[in-house]
Structures are given as C-alpha cells and as structure tokens.
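Colleague: I keep hearing that helices "pack" against each other, but I don't know how to read that in a model. Could you walk me through one case?

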Amino acid sequence: MGKGMRWRARAIGGNRIVPSRRGTCRVRRARDRARVEPARRALGPRALLRRLVDYRRRGRRTRPGAPLPARSVALTFDDGEQGFLDIGIPLLEKYRIPATSFLIGDGSETVKTHASPYVSFQSHSFDMHRAGGTVGHGGIVSALTVEQITADIKQSQELIGGTQAFAYPFGDVTDEAEQAVADAGVVCAFTTVNSWASIGDDPMALPRARISGEYEQAGFEYIVTTGV
C-alpha cells in the first residue's frame, strides 16, 4: 500500500433501478472493467460480505492468499422492488457483478422466481418495516424487545433462506436491535448512514453510500469516490 493511502471499503446501497434516458447501462472504461473483473470471478455476494466484515473488524485478510481486493465495493439493494428484480438482476448477471438484496416479509416466492448466482437474498425483517417507534425514522424496531426482534428476523430468515446479513428497517438501530441481530446469527447488518465503511466499524451497524434511481452520472461518481 502506497504511502499516505488509507484502505476503506465501500458498501453501496439503494432500492430503485430505473432505465436510463438512453435505455442502456454499460461499463464506461475498459480499464475499469479490467480492474474489477478478477474480484468478480473470485468472490460471490456472500463471500464478499464475509471478507468485508473481516476487513472492518481487523483490517486484514481472512485466510492466507485471500486478501480483500483493492477498490472493493459491496452492492446492496433494499426492499426487493420490482425495478431491481426486473432490470437490476439481469444487469448484474450481464456484467457478472455480485450483490445483496434485502427483502421484506415473505420473500420466499421472490427468491424462487428471481434466483441468480449473482444475488444473495437476505432479510430486511418480516414485519418490522412499519412505523411505531421513537428512534431515527420512527420504525417499530425501537419499540420492541430483543426477543421480539430476534423472532422477527429468524422468521424472515426461514422464509428467505439467507442468514448472513440484515438491513435495519428504515435504518433505525438500537442496542436491543444490535443484540437481536447477533442472537439471530447474522454476520453483518446495515444502516442507512450515508458513508464509506472503515476499519473498526461495528459490523452490526455498517454505513452505506446511498444511491437512488434518479441520480445523474456525475452525482453517482461523486458519491462512490468521496463516500458522502
């Protein structure tokens, strides 16, 4: 690593994918494609999540010969919206880019219908994506006990089949929620804090650089290069 360089990993999160005005999506520069291609071949969405979590905890490789790739990015998409399912997944498959999709409620049919080797479906809660709390955006999670949150997450996990990651509903996090996530056996959990993740970040409350479908190219490039 060069002098003065600081390693940081980027988790990019969004929920909507819409066609561009040109109706296409493409890799703009061949050298960018070549730079990330080895990482695509080596890591699927689950392996990349585990590698990123290890990086944030200790800043080192998980096993000999398996360092976190340079310029690593973990793509996440919340809510399982139709735009992601119909447009996003085919694009991920076309460019061979792994991603994680966080589903609300009974996502078992979505997992079957849209199964892809490039998408890991994980929990966004079974019945906690609703109002009723007093923390953050007012989600119900802040009004629930550890046991109630854990039971909800496990119910979602059983239906979706994913137990590695979790996205907090509305991004609201409490001490009870973090404990419940750990009790449910989740490896990492994501908030809606708009930032890059750095070494030492709590893997149960990770930030993400937020991306939305209406962003212009310049805005997208600014966020992924500056982390804000």
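Modeller: Sure. Start with two things: an angle and a distance between axes. In this predicted model, helix α5 (residues 146-160) packs against helix α6 (residues 175-183) at an angle of about 45°, and their axes are 8 Å apart.

Colleague: What do we call the way α5 and α6 lie relative to each other?

Modeller: We look at which range the angle falls in. Under 35 degrees would be roughly parallel, and 65 to 115 roughly perpendicular. The angle here is about 45°, so α5 and α6 are oblique to each other.

Colleague: And is the crossing of α5 and α6 right-handed or left-handed?

Modeller: That one is about which way one helix is turned from the other. For α5 and α6, the crossing is right-handed.

Colleague: Which residues of α5 and α6 meet?

Modeller: Go through each helix in turn. From α5 come Val146, Ile149, Thr150, Ile153 and Lys154, and they meet Glu176, Ala177, Gln179, Ala180, Val181 and Asp183 of α6. Sort the residues of this contact by type and you get six nonpolar, two polar and three charged.

Colleague: Okay, what about the loops leading into these helices? Where is Thr174?

Modeller: Thr174 sits in the loop between β5 (165-167) and α6.

Colleague: Is Thr174 buried or exposed?

Modeller: Check the relative accessible area against the cut-off: under 20% is buried. Thr174 has 12%, so it is buried. Next, look at its neighbours. Leaving out residues up to four places away in sequence, Thr174 touches Val135 and Ser142. Its side chain also has a polar atom 3.0 Å from the backbone nitrogen of Ala177, and Ala177 is one of the α6 residues that meet α5.

Colleague: How does the loop before α5 look?

Modeller: Take Thr145, in the loop between β4 (119-123) and α5. With a relative accessible area of 36%, Thr145 is partly exposed. It also shows how sequence and space can tell separate stories: Thr145 and Glu176 are 31 residues apart in sequence, yet their C-alpha atoms are 6.5 Å apart in space.

Colleague: Can we zoom out now? How many helices and strands does the protein have?

Modeller: Seven helices and seven strands. Reading from the N terminus, the order is β-α-α-β-α-β-α-β-α-β-α-β-β-α. Of its 228 residues, 44% count as buried. And for contacts between residues at least 6 apart in sequence, 61% join residues at least 24 apart.

How values were computed
Residues are numbered from 1 along each chain as its sequence is written. This is a predicted model: local features need pLDDT of at least 70, side-chain atom pairs count only at pLDDT 80 or more; totals for chains, interfaces and linings use all residues. Side-chain values use heavy atoms; hydrogens and water are left out. Axes are lines fitted to C-alpha atoms, for helices over the stretch in contact, and angles run from 0 to 180 degrees between N-to-C directions. Helices (H or I, at least four residues) and strands (E, at least two) are DSSP runs, numbered from the N terminus. Angles under 35 degrees count as roughly parallel, over 145 as roughly antiparallel, 65 to 115 as roughly perpendicular and the rest as oblique. A crossing is left-handed if the near helix is turned anticlockwise from the far one by less than a right angle, and right-handed if clockwise. Contact means heavy atoms within 4.5 Å. Ala, Val, Leu, Ile, Met, Phe, Trp, Tyr, Cys and Pro count as nonpolar, Asp, Glu, Lys and Arg as charged, and the others, Gly among them, as polar. Buried means under 20% relative accessible area, exposed over 50%, partly exposed in between (1.4 Å probe, protein chains only). A polar contact is a pair of N or O atoms within 3.5 Å; within protein, one must be able to donate a hydrogen and the other to accept it, and residues adjacent in sequence count only if both atoms are side-chain atoms.
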